[in-house]
Amino acid sequence: MTSRPAARPGGRSARVQHSVHEAVRALLDEKGRDGLTVPLVAARAGVTPSTVYRRWGDLQELLGDVAVERLRPEGEPADLGGLREDLEHWAVAFLEEMSSEAGRQYIRDALAGDPDGGNAGRCSAYAVEQIETLLARAGRRGEAAPALDVVLDHVVAPMMYRILFRPGLLDPQYARDLVLTVFYRFMPLP
């Protein structure tokens, strides 16, 4: 399937996206995944099935789009006064959210409904934006900070691997240990 152009961010398109996303979330709660169909979503959203198919292509792409929106952070990461504390707090929260059953399902949906890699890119951009905020905040405080790619490769990537492939080996200390590794291996000594 070919990639469709992005919809306009306002007007009818935004209203349709919002109502369809709301319908998907409500129907998932009511009927579960097995009871979800495009005609049911369209009826609940007050649009025609052809509108859903034209915008999303199929049910899996729609579920992927809803999942990506659910994975979007709701605000800036907490400011606890220092980069290490901020990054540990963020990493623990990220791990807890993404490793929950709902979080893993959102990840699966986002990737399964991703024929062109756009969903993965959007999800990655969310993490990048959060980490860049932490690193920029540290810079404004005059703290030394690791490179963005160091944090992605040594904190986010291992957590995502464990979330997807070894979910039984997750706890908050694991996230904190990954952050400590970045500070001990990649930061200049005082």
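These are my notebook entries on one chain, looked up in a predicted model.

**Entry 1: the whole chain**

I began with the secondary structure and recorded nine helices and zero strands. Reading along the sequence, I wrote the pattern down as α-α-α-α-α-α-α-α-α. I then looked up the extent of the C-alpha trace, which spans about 65 × 35 × 30 Å along its principal axes. The chain has 190 residues, and 41% of them are buried.

I next turned to the contacts between residues at least 6 apart in sequence. Of these, 70% join residues at least 24 apart.

**Entry 2: surface and charge**

For the surface, I noted that the chain exposes about 10,400 Å². Carbon and sulfur atoms supply 53% of that area. I also looked up the charged side chains and found 23 positive and 27 negative. The centres of the two sets lie 5 Å apart.

**Entry 3: helix α2**

Which residues of helix α2 are buried? I located the helix at residues 38–45 and listed Val38, Val41, Ala42 and Ala45 as its buried residues. These residues lie on the same side of α2, because they cover an arc of only 100° around the axis. I then asked what covers the buried residues of α2. Among the covering elements I noted α1 (11–31), α3 (49–56) and α4 (59–71).

I also examined the two ends of this helix. At the N-terminal end, Thr37 acts as a cap: one of its side-chain oxygens lies 3.1 Å from the backbone nitrogen of Leu40. Just after α2, I found Gly46 with a positive phi of about 75°.

**Entry 4: His21**

I moved to helix α1, where His21 is found. Is His21 buried or exposed? Its relative accessibility is 3%, so I entered His21 as buried, the cut-off for that term being under 20%. Leaving out residues up to four places away in sequence, I listed the contacts of His21 as Trp56, Asp65, Val66 and Glu69.

**Entry 5: Arg162**

My last residue was Arg162, which I placed in helix α8 (residues 148–165). Arg162 has a relative accessible area of 19% and therefore counts as buried, since the term requires a value under 20%. I then looked up its separation from Ser99, which is 63 residues away along the chain. The C-alpha atoms of Arg162 and Ser99 are separated by 8.6 Å. Which residues does Arg162 touch, not counting those up to four places away in sequence? I recorded Pro167, Leu169, Leu170 and Tyr174.

Methods:
Residues numbered from 1 in each chain as written. Predicted model: local features only at pLDDT ≥ 70, side-chain atom pairs only at ≥ 80, totals over all residues. Heavy atoms only, no water. Helix = DSSP H or I, 4+ residues; strand = E, 2+ residues; numbered from the N terminus. Buried < 20%, exposed > 50% of the residue type's maximum accessible area, 1.4 Å probe, protein only. Contact = heavy atoms within 4.5 Å. Areas by Shrake-Rupley, 256 points an atom, 1.4 Å probe, with all protein chains shown as cover. Lys, Arg positive; Asp, Glu negative; His and termini not counted. Charge placed at Lys NZ, Arg CZ, Asp CG, Glu CD. Arc of directions from axis to C-beta. Polar contact = N/O pair within 3.5 Å; in protein donor to acceptor, adjacent residues only side chain to side chain.
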